[in-house]
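Dear colleague,

Please find below the sequence and the structure that I am handing over to you. My notes on what was found follow directly after them.

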Amino acid sequence: MVANPLSVRTKVRVVKEITFLEASIENHTKSNLYMDQVDFEPAQNWNATILRGVDHHPESKQPMSDVFKPPILLRSGGGIHNFLYRLKLSSDGSQLPKVEGSNVLGKLQITWRTNLGEPGRLQTQQILGSPITQKDIELRAVEVPSIIMLEKPFVVRLNLANQTDRVLGPFEVWVSQSDSLDEKAIMVNGLLTMHLAQVEAFSSSEFELNLIAVKHGVQKITGITVFDTREKKTYDSLLELEVFVDSQ
């Protein structure tokens, strides 16, 4: 029986559509180990950037070897080191796979040396993220004013993308007023409901929302709701924007 000198535990989290992979590597031997390389090899359609305490020059397109130098020490009998990676899809929305299923993120390649210089190598199995669930539509911000003044109307330009192989729409778009008026910081200025034409398969359409801010400081534009009038389907929580409202 040969015990594994290392154990690797991974944890995947998704925050606002950005995937974070945390890898914890533990030394189970009775001697110190010196980690020469800890490389994350992303799967197709993914780019990986390692995150450190202060990362002034993240570079997702370069190989991730040569990052950990000098070697990282894993002390004997349970020494642990954690690595954190930020993963992003490498292709734009129009070229993403249109299928649902397992989400393979990639695998780790680890090499080390013992106190006597003996080399070791470990390759993990493919690391899986959350299953891919393809959205029918996606809402993106195209243009947001750099300066928003309190109680002055402003316009946000949005892009509605049809990510299916069929025609969708016509649509109605409104901003939900679920919050009380006392809590709502940004409101619609003008028509409460907009009407948009059909959007062809794998195409998109741009439109503008007229808004007004009634509170200053950092505020969020939330509650944008899209309703497909033909399929009677409501899409909400598609987009959340954070803006700064100046009171001067």
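**Strand pairing**

Strand β14 (residues 186–188) is joined to β16 by 3 bridges, and the two strands run antiparallel. Within this pairing, Met-187 stands opposite Ile-212 in β16. Please bear in mind throughout that this is a predicted model.

Strand β16 (residues 204–213) also pairs with strand β12 (residues 153–162), in the antiparallel sense and over 9 bridges. Here Val-155 is the residue that stands opposite Asn-210 in β16.

Elsewhere, an open sheet is formed by 4 strands in the order β1-β2-β6-β4, with antiparallel pairing. Its edge strands are β1 and β4 (46–51), each of which pairs on one side only. From one strand to the next the twist averages 25 degrees. Inside this sheet, β2 and β6 pair in the antiparallel sense over 8 bridges, and Ala-23 stands opposite Phe-83 in β6. As a general reminder, strands of a sheet pair through backbone hydrogen bonds, either parallel or antiparallel.

**Aromatic pairs**

The count comes to 2 aromatic pairs. In one of them, the ring centres of Phe-40 and Tyr-85 are 5.5 Å apart and the planes stand at 35 degrees, so the pair is tilted. This contact links distant parts of the chain, with Phe-40 in strand β3 (residues 33–42) and Tyr-85 in strand β6 (residues 80–89), 45 residues apart. Phe-40 and Tyr-85 are both buried.

Trp-174 and Phe-227 also form a tilted aromatic pair, at 6.3 Å centre to centre and with 45 degrees between the planes. Trp-174 belongs to strand β13 (residues 171–175) and Phe-227 to strand β18 (residues 224–228), so this pair ties together parts that are 53 residues apart in sequence. Are its two members buried or exposed? Trp-174 counts as partly exposed, at 26% relative accessibility, whereas Phe-227 is buried, with a relative accessible area of 18%. The cut-off behind these two assignments is that buried means under 20% relative accessible area.

**Salt bridges**

There are 9 salt bridges by count, and several deserve individual mention. The side chains of Arg-9 and Glu-26 meet in a salt bridge, at 3.1 Å from N to O. Arg-9 lies in strand β1 (residues 6–15) and Glu-26 in strand β2 (residues 18–27), 17 residues apart, and the pair links distant parts of the chain. Arg-9 is partly exposed, with a relative accessible area of 43%, while Glu-26 is buried, with a value of 17%.

Asp-36 and Arg-113 likewise meet through their side chains in a salt bridge, at 3.1 Å from N to O. This pair links distant parts of the chain, namely strand β3, which holds Asp-36, and strand β7 (residues 101–114), which holds Arg-113; the two residues are 77 residues apart. Arg-113 counts as partly exposed at 30% relative accessibility.

A further salt bridge is formed by Glu-240 with Lys-220, whose closest N and O atoms are 3.3 Å apart. Glu-240 lies in the loop between β19 (233–235) and β20 (241–246), and Lys-220 in strand β17 (residues 217–221), so the pair ties together parts that are 20 residues apart in sequence. Glu-240 is partly exposed, with a relative accessible area of 44%, and Lys-220 also counts as partly exposed, at 42%. In addition, salt bridges that share partners join Asp-136, Arg-166, Glu-231 and Lys-233 into one network.

**Backbone points to inspect**

Most residues other than glycine have a negative phi, and most peptide bonds are trans. Against that background, which peptide bond is cis? The bond from Gly-169 to Pro-170 is cis, with omega near 0 degrees. Pro-170 has its place in the loop between β12 and β13.

Asn-45 has a positive phi of about 80 degrees although it is not a glycine. Asn-45 is found in the loop between β3 and β4 and is partly exposed, with a relative accessible area of 24%. Phe-202, which is not a glycine either, has a positive phi of about 55 degrees. Phe-202 lies in the loop between β15 (193–196) and β16, and its relative accessible area of 45% makes it partly exposed.

With kind regards

Technical notes
Residues numbered from 1 in each chain as written. Predicted model: local features only at pLDDT ≥ 70, side-chain atom pairs only at ≥ 80, totals over all residues. Heavy atoms only, no water. Phe/Tyr/Trp six-rings, centres within 6.5 Å; stacked < 30°, edge-to-face > 60°. Buried < 20%, exposed > 50% of the residue type's maximum accessible area, 1.4 Å probe, protein only. Pairing = 2+ DSSP bridges. Salt bridge = Lys/Arg side-chain N within 4 Å of Asp/Glu carboxyl O. Axes fitted to C-alpha atoms, helices over the stretch in contact; angles between N-to-C directions.
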